[in-house]
Structures are given as structure tokens and as C-alpha cells.
Amino acid sequence: MIFTLTIIFILSFFHIEANAHSLVSGYSGFGSGFSHPMLGLDHFLAMFGVGVWGAQMGGRRMWSLPMSFPLIMCIGALIAISKVFTFILVEQVIALSVMALGCIILVKWSPNELIAILVISIFALFHGYAHGIELPRANDPISFISGFVLSTGLIHLFGVGIGYFCDKFYNGKVFNIIAILITIFGLYFLFKIYI
Amino acid sequence: MIILLCFIISKLFSIPLQEYGLFQSGMYNMLNNYIFLLCLLGLSLLFLNSKKNIAYISYLVIFLLVYISTLIFIDSILRLIFLYNLDYLWGFDKFPLLVLYFLSILLGIILWFNPINNLVKIFLIIIFSFIISFHVALKDIEIFTLKSFISFPGGNLLIIVWLSIILIYLLKKFNKKYVHIFSKIYGSWLITIGIISAIFSLLY
């Protein structure tokens, strides 16, 4: 029974819209904004990585990193919306950010708060820019914004939660497994761009 | 609270004959507005650390006073806006939503500092109530009378009171330390949503 329910639950994530619903596009409103960072594995892993890194360092940095990321992301989105200037190699930097965060967690780098925020700021700018480009295409952009910011924040919190509990099991070795997985995915994204 | 919930659900599913369902549309107006719902969660986070019930009652009274008086004096407020050409600043069609975005930014900033001071909270509830009431009044299609108040603004009010009670009640169950950290993080989300939404709706 539990197995069947689990399968149904997992399958429910892979639904597609009926073709008759012509108004439902890839960028409709709150729902698609919310699912965008969740289903886009590159965004998901980068934000998850930020949360895990914050939890790994502990102290004030545990919440200052997830707090700063959306704010800097906002600047990136504004640059994209206002078209002040165009970022180049956006996809590449996003893939690199995933890989870099994996490596950072793996080597347990623990800089001071300002440097940590500076590092994630660079990543956040590009993630925000990528979201900002998609905004004008949404049917209901304001709901789309609320959705993706909320979802981004929740992924951070998920990362912080996982990172916080990882520390308590197997002497923190779970961190290494997570870090290696994130790095491999980062490499895969980078590889995918050039293939 | 359960009776209130039953009443809201029954109202949502029944539109009486000879009416335009303004009460229901008022309720949907609040439930469909994501920015407003996020702001309400922010407000609930701010009011969590009040211990006495009398404080909550006083906040509710202040909220109602400002809410009703803004609705009554909406014409004078609009006249002032037209007098100083504030409508040219953003475009009048964008006014009802832009005020919500600014509320979201303000709430986010205040959540960062998370003040315990009662005066700050009262100031915030006045601003919150004024903006919500202004937003409701600009969307209302009736001239303000006691009956119209029960219709569209009443539906809005019911959802505001119900949701804030539930959110405060639920959030009180969590550890204060975690709620405090969460409110700081949540503040940054509100600021982000407010800024991007405001700039986007001004540009497009």
C-alpha cells in the first residue's frame, strides 16, 4: 500500500498539461514561478548548496547567506528587466556556481561572513538575471515573481535544515556525499552546455 | 474559530439571488492576492512576541478604525492625490497594486529589525490597515454605505481577521528562536518580491 502510494506520489511530479488548456504556458503564474526553481535542477542545487554551506559554517552565517541570496538575486533580475546591460555566459556561470558550491562544501571552506556573502552574491546575480529574462514571458508576472522568490527561499531553508542535521550524523561525512553529488551535477550541467 | 471557518466556507459556496456576490468577491480578492497573503504572514510574524491578549485586541481595534475611516474618507484621499498629481507618478491604474508592493518592502525592512516596541507595531498596523483599505476602496465598485461595507470590504475584512488569527495561533507553536531567524529571512523575501514587482509593473 505504502509502496503504491509512494509511486503515485512520485509520478504526480511528472504530469503534463492537457493540450486543450491553451492558456497554460510554461510561465503562467504563481504555480509555475514556484515550480521553476524546484524543477530546474541547476537552480535547485545552487540554492540548496547555499543553504547547506551556511549550515556547515554555522553561527550567524547560517541565516545571513539565505537572507542575502534573494536580495542580490533581486538586483540581477532588475538588470534583466530594465535591460541596462546584458550578462554573457549566464548558463555557464550558473553551472559553475553549482560546481563551485559543491567544491566549497567538500573542502569545508569557512571564510568570514563578508567574503561568503560576496561569493554567493556573484552566483545570485546570475541566477536572478536568468529569472529576470523569463519574467516578461509570464502570463501573470507578479504572481510568477512571488512564486519563484518563495520557492528559492524555501530551497535555502531546506538546505539549511539538511546541513544542520547532517552535522549530527556520521561525524559530518554526509556533507561529503552531498558535496560530491552537487559537484558531479555541476560538471554535468557544464558539459551539457557544450555538447 | 471553527464556526468562523464554517461561515467563510458556506459564504464562499453560496451566492444569494438578487446579489452580485460582492461579499464573496471581497473574500476572493484577498485570497487570490499572493502579495497580500505574504504580507499578512509577515505581519503575523511581527506580532508574535506580544504576550497579552489585550494587546491583540487593541491592534484589532486600531486596524478596524483605520480600515473603516479610510473607506469613509476615500473621496477626500483621492482628491488629495489628484491635487498633488500623485497619480501621474505611477499611473493611476497601477496604484492599487503598487501600494501593496511598497507595503511588502516596508514589512520586509521592519521584519529585519524585528522590533518589540509597541509604538512601532501600532505605526505599522496603521500603515498596513491604510494601504489594505486603500487597495480595497480602489477596487470597490460601490459608493460607501453601511450595506456596501458589509459587501465587498466586509469580505476582505473577514479573510484578513481569520487568516491573521490562524497564522498567529500556528506560529506560536514553534520555538521562538527559530521563528526569530525565520522572520529575518522572510523579511528579505518580502523586500525582494516587493522591489521586483514594483519595478516590473512600472516598466511594463
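Chain B of this predicted model has ten helices and zero strands. Read along the sequence, its pattern is α-α-α-α-α-α-α-α-α-α. Chain A is also helical, with eight helices and zero strands, and from the N terminus on its elements run α-α-α-α-α-α-α-α. The table sets out burial and long-separation contacts for each chain.

| Chain | Residues | Buried | Share of contacts with a separation of 6 or more that join residues 24 or more positions apart |
|---|---|---|---|
| Chain A | 195 residues | 46% | 88% |
| Chain B | 204 residues | 33% | 85% |

**Contacts between the chains**

Where the two chains meet, 19 residues of chain B are in contact with 22 residues of chain A. On the side of chain B that touches chain A, at least two residues each come from α3 (34-46) and α10 (176-203) of chain B. The most is given by α10(B), which supplies 15 residues of that side. By residue class, the side of chain B that touches chain A divides into 14 nonpolar residues, four polar and one charged.

**Helix α8 of chain A**

Helix α8 of chain A covers residues 173-194, which is 22 residues. At 1.5 Å a residue this helix should span 32 Å, and its end C-alpha atoms are 33 Å apart, so the two values agree.

The buried residues of α8(A) are F175(A), I178(A), A179(A), I182(A), T183(A), F185(A), G186(A) and F189(A). Because these residues cover an arc of only 165 degrees around the axis, they lie on the same side of α8(A). Burial here is a matter of neighbor count: a residue is buried if 20 or more other C-beta atoms lie within 10 Å of its own, and exposed if 12 or fewer do.

The buried residues of α8(A) pack against three named helices of chain A: α3 (41-57), α5 (90-107) and α7 (141-166). On the face of α8(A) turned away from its buried side, the exposed residues are K173(A), I177(A), L181(A), F191(A), K192(A) and Y194(A). The helix α8(A) therefore has its buried residues on the same side, within that arc of 165 degrees, while exposed residues including K173(A) and Y194(A) are carried by the face turned away from the buried side.

Terms used:
Residues are numbered from 1 along each chain as its sequence is written. Chains are lettered from A and ligands numbered from 1 in the order in which they are written. This is a predicted model: local features need pLDDT of at least 70, side-chain atom pairs count only at pLDDT 80 or more; totals for chains, interfaces and linings use all residues. Helices (H or I, at least four residues) and strands (E, at least two) are DSSP runs, numbered from the N terminus. The expected span of a helix is 1.5 Å times one less than its number of residues. The arc is that of the directions from the helix axis to the C-beta atoms. Two residues are in contact if their C-beta atoms, placed from the backbone, lie within 7 Å. Ala, Val, Leu, Ile, Met, Phe, Trp, Tyr, Cys and Pro count as nonpolar, Asp, Glu, Lys and Arg as charged, and the others, Gly among them, as polar.
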